[in-house]
Amino acid sequence: MPAPPSPPLWQPFGEGGVLLTWPEYDIVSVRQRVAQLVCALEVLKPPELLEWIPGLDSLALLYSPQHVTPADLERVVQKALRLELPTARVGQMHILPTCYHPDLAPDLLEVARRCGLSV
């Protein structure tokens, strides 16, 4: 039986925000959790939140600290995490071949010089 998903970690994000992150190192499963929570919030449309902004491996929640308490936020997130939804689709992974040979990248030397990097 697989281990239950880890709860998100809460980090202050400015005066009226919280950043949710997950402790897993598997970006695919973390991205799936972000997508699931976004879907749940879109269904619930909680009035406590002004906005939610998904990142690759995090979710920012913006709220009005004059009208919403940390306990209110906790209730909203817990309700959203419990919501039974179909699995959210997070898209496909694409592998783009790259080549850094100077014949195919005429600006490679200049870009490396400007960035202070070696070729």
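Before you click on anything, here's a rule for helix pairs: angles under 35 degrees count as roughly parallel, over 145 as roughly antiparallel, 65 to 115 as roughly perpendicular, and the rest as oblique. The axes behind those angles are lines fitted to C-alpha atoms, for helices over the stretch in contact, and the angles run from 0 to 180 degrees between N-to-C directions.

What you have open is a predicted model, where local features need pLDDT of at least 70 and side-chain atom pairs count only at pLDDT 80 or more, while totals for chains, interfaces and linings use all residues. Residues are numbered from 1 along each chain as its sequence is written, and side-chain values use heavy atoms, with hydrogens and water left out.

**Stop 1: the whole protein**

Show the cartoon. You should find 3 helices and 4 strands, in the order β-β-α-β-β-α-α along the sequence. (Helices are DSSP runs of H or I with at least four residues, strands are runs of E with at least two, and both are numbered from the N terminus.) Now show just the C-alpha atoms: they fill a box of roughly 60 × 40 × 25 Å along the principal axes. The radius of gyration is 20 Å, whereas a compact globule of 119 residues would have one near 14 Å. (That radius is taken over C-alpha atoms, and the globule rule is 2.2 Å times the number of residues to the power 0.38.)

Next, colour by burial. Buried means under 20% relative accessible area, exposed means over 50%, and partly exposed is in between, using a 1.4 Å probe and protein chains only. Of the 119 residues, 29% are buried.

**Stop 2: two helices crossing**

Select H1 (residues 27-44) and H2 (residues 70-82). Their axes come within 9 Å and cross at roughly 110°, so the two helices are roughly perpendicular to each other. Which residues in H1 and H2 meet? Pick Leu 37, Ala 40, Leu 41 and Leu 44 on H1, then Val 76, Val 77, Lys 79, Ala 80 and Leu 81 on H2. (Contact means heavy atoms within 4.5 Å.) This set has 8 nonpolar residues, no polar ones and 1 charged. Here Ala, Val, Leu, Ile, Met, Phe, Trp, Tyr, Cys and Pro count as nonpolar, Asp, Glu, Lys and Arg as charged, and the others, Gly among them, as polar.

Stay on H2 and click Arg 75. Arg 75 counts as exposed because its relative accessibility is 52%.

**Stop 3: the core**

A nonpolar core is a set of buried Ala, Val, Leu, Ile, Met, Phe, Trp, Tyr and Cys residues joined through side-chain atoms within 4.5 Å. The largest one has 19 residues, and those with the most contacts inside it are Leu 20, Leu 41, Leu 49, Leu 59 and Leu 61. S2 (17-21), H1, S3 (49-54), S4 and H2 each give two or more residues, and H1 has the largest share, with 6.

Zoom in on Leu 61. Leaving aside neighbours within four places in sequence, its contacts include Leu 20, Leu 41, Leu 49 and Val 77.

**Stop 4: strands S2 and S4**

Click Leu 19 in S2. Is Leu 19 buried or exposed? Leu 19 is buried, with a relative accessible area of 18%. Its C-alpha atom is 5.7 Å from that of Leu 59, 40 residues apart along the chain.

Finish at Ser 58 in S4 (residues 58-63). Ser 58 is buried at 14% relative accessible area. Beyond residues up to four places away, Ser 58 touches Leu 19, Leu 20, Thr 21, Trp 22, Val 34 and Ile 53.
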